[in-house]
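The exercises below ask you to read a model closely and to justify each reading from its geometry. Work through each task before turning to the solution beneath it.

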Amino acid sequence: MSDDSVMMLDRRALLAGAAAILTAERANAHDDPGNAESRVVPQSPVQPPVFETVQPLPKSAPGAELEVIDLWPGLPPGGGGPFRSDYRFDETLSGVITAVTRPCLMVIRPERPNGAAFVVAPGGGYRRIDISGEGLPVGAWLAKAGFTVFLLIYRLPSEKWRDGPDAPRQDAQRAVRLVRANSAQYGIDPERIGLLGFSAGGHLMGETAVDSEVDLYDDVDAADQQSAHVALAGLIYPIITLRAPFDRTISSRAVLVGDNPSDAQRRAYSVDAQVTRRSPPTFLAQAADDPVGTVDHPLRMYDALRAAGVPVELHLFERGGHGFGLGVPGAPAAAWASLFLTWVRARGFLRSA
């Protein structure tokens, strides 16, 4: 049996165990009418997602004017979560999102589309989503280059979703499938869908890129017949491993696997441990003075991809810290953006429609 097969079996075994636990919990809750919706299994395809204007809270928050695609036609898989209002999510005037009750995609369309698309995941330690620093500016930059951008507003496992650390992964996998299912409407080549993630969003996009062949939820409509595979991925100062001694990213580790995780849990949510020869080409960028996600994270990912024979490019900058987004113009770390566009162009991803 190949190493790839062993890793897939390890992951599937862990997911199967988690599914068994969830099934037992739902069985115990069978007599609770408050859990009825979370136990409904669709018997036939449902209507496609609604396209409308985002209504965050408050309405004057950043990105309020953008088009939105709801990821799920009803409650997300597993149920639970912060069902506190009728809004999709709470957002501050500075663009920090929490209480994601309805995960969605915020769409930024280019004036001159090139036929390719990116699903972008801002970071926030899986406790919040910062669209002002790693979402909207990045989306505007990509749109200027001709890409259609889908900002992913994913569920936060710290907000008590029943599927825990798999909740954001389900959202990300569903996002890729919805973008591919609606590719004609957006003028997108379904084979030119990429991922771009920052910090914890880099961890999420990394997991989505390397684990596209493992179904994380039951189909809810025809869109789930689409592949979750992507053409390439960009991971910027990403959290990659939850294994010691590189698990000093306290927020992400604690939210995903707790304070005393087993070796199997650490491995299951370490992106480098899931890499196979089918993983997509990957671009990595990091500042050497990053105090949160140290350089060990992209280095481990680089080694794993290289060992699997997957094309990979890594850039380490002397200064930049953590959370620099597009970077301060003229600063060393700001060079990653132009390097990334050069890389995607070389891979045939950036071309006229």
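**Exercise 1. A small sheet**

In which sense do strand 4 (residues 96–98) and strand 7 pair, and over how many bridges?

Solution. The model is a predicted one, in which local features need pLDDT of at least 70, side-chain atom pairs count only at pLDDT 80 or more, and totals for chains, interfaces and linings use all residues. Residues are numbered from 1 along each chain as its sequence is written, and side-chain values use heavy atoms, with hydrogens and water left out. Helices (H or I, at least four residues) and strands (E, at least two) are DSSP runs numbered from the N terminus, and two strands pair if DSSP finds at least two bridges between them. Strand 4 and strand 7 pair in the antiparallel sense, over 2 bridges, and within this pairing Ile97 stands opposite Ile129 of strand 7. The open sheet to which they belong has 3 strands in the order 3-4-7, with antiparallel pairing. Strand 3 and strand 7 each have a single partner strand and stand at the edges, so one side of each is left without a neighbour in the sheet.

**Exercise 2. Confidence along the chain**

Identify where pLDDT stays under 50, and state how the chain as a whole is rated.

Solution. Begin with the chain average: pLDDT, the predictor's confidence in each residue from 0 to 100, has a mean of 83, and 79% of the residues reach 70 or more. Then locate the weak stretch, which is residues 1–47, where pLDDT stays under 50. The model has 57 contacts (heavy atoms within 4.5 Å) beyond four places in sequence for this stretch. Where pLDDT is low, the predicted coordinates should not be read in detail.

**Exercise 3. Salt bridges and their surroundings**

Work out which parts of the chain are linked by the salt bridges of Asp70 and Asp211, and determine whether the residues involved are buried or exposed.

Solution. A salt bridge here is a side-chain nitrogen of Lys or Arg within 4 Å of a carboxyl oxygen of Asp or Glu, and the structure holds 14 of them. Asp70 bridges to Arg88, with the closest N and O atoms 2.7 Å apart. Asp70 lies in strand 2 (residues 67–70) and Arg88 in the loop between strand 2 and strand 3 (90–91), so the pair ties together parts that are 18 residues apart in sequence. Both Asp70 and Arg88 are buried, where buried means under 20% relative accessible area, exposed over 50%, and partly exposed in between (1.4 Å probe, protein chains only).

Next, take Asp211, which forms a salt bridge with Arg169 at a closest N and O distance of 3.0 Å. This pair links distant parts of the chain, 42 residues apart, with Asp211 in the loop between helix 6 (200–210) and strand 10 (232–236) and Arg169 in helix 4. Asp211 counts as buried because its relative accessibility is 4%, and Arg169 counts as buried at 2%.

For contrast, turn to Arg319 and Glu318, whose side chains meet in a salt bridge at 3.5 Å, N to O. Arg319 is partly exposed at 45% relative accessibility, while Glu318 is exposed at 60%. Returning to the earlier residues, salt bridges that share partners join Asp166, Arg169, Glu207 and Asp211 into one network.

**Exercise 4. Positive phi angles**

For Tyr126 and Lys160, give the phi value and the loop, and decide whether each residue is buried or exposed.

Solution. Tyr126 has a positive phi of about 60° although it is not a glycine, and it lies in the loop between strand 6 and strand 7 (129–130). Its relative accessible area is 0%, so Tyr126 is buried. Lys160, also a residue other than glycine, has a positive phi near 65° and lies in the loop between strand 8 and helix 4 (166–181). With a relative accessible area of 68%, Lys160 is exposed.

**Exercise 5. A buried loop residue**

Describe the surroundings of Val310, leaving aside its neighbours within four places in sequence.

Solution. First place Val310, which lies in the loop between helix 9 (296–308) and strand 12 (312–317) and counts as buried because its relative accessibility is 5%. Then list its contacts, which are Thr276, Arg277, Ser279, Pro280, Pro281 and Leu305. Val310 and Arg277, 33 residues apart in sequence, are 6.0 Å apart in space, C-alpha to C-alpha.
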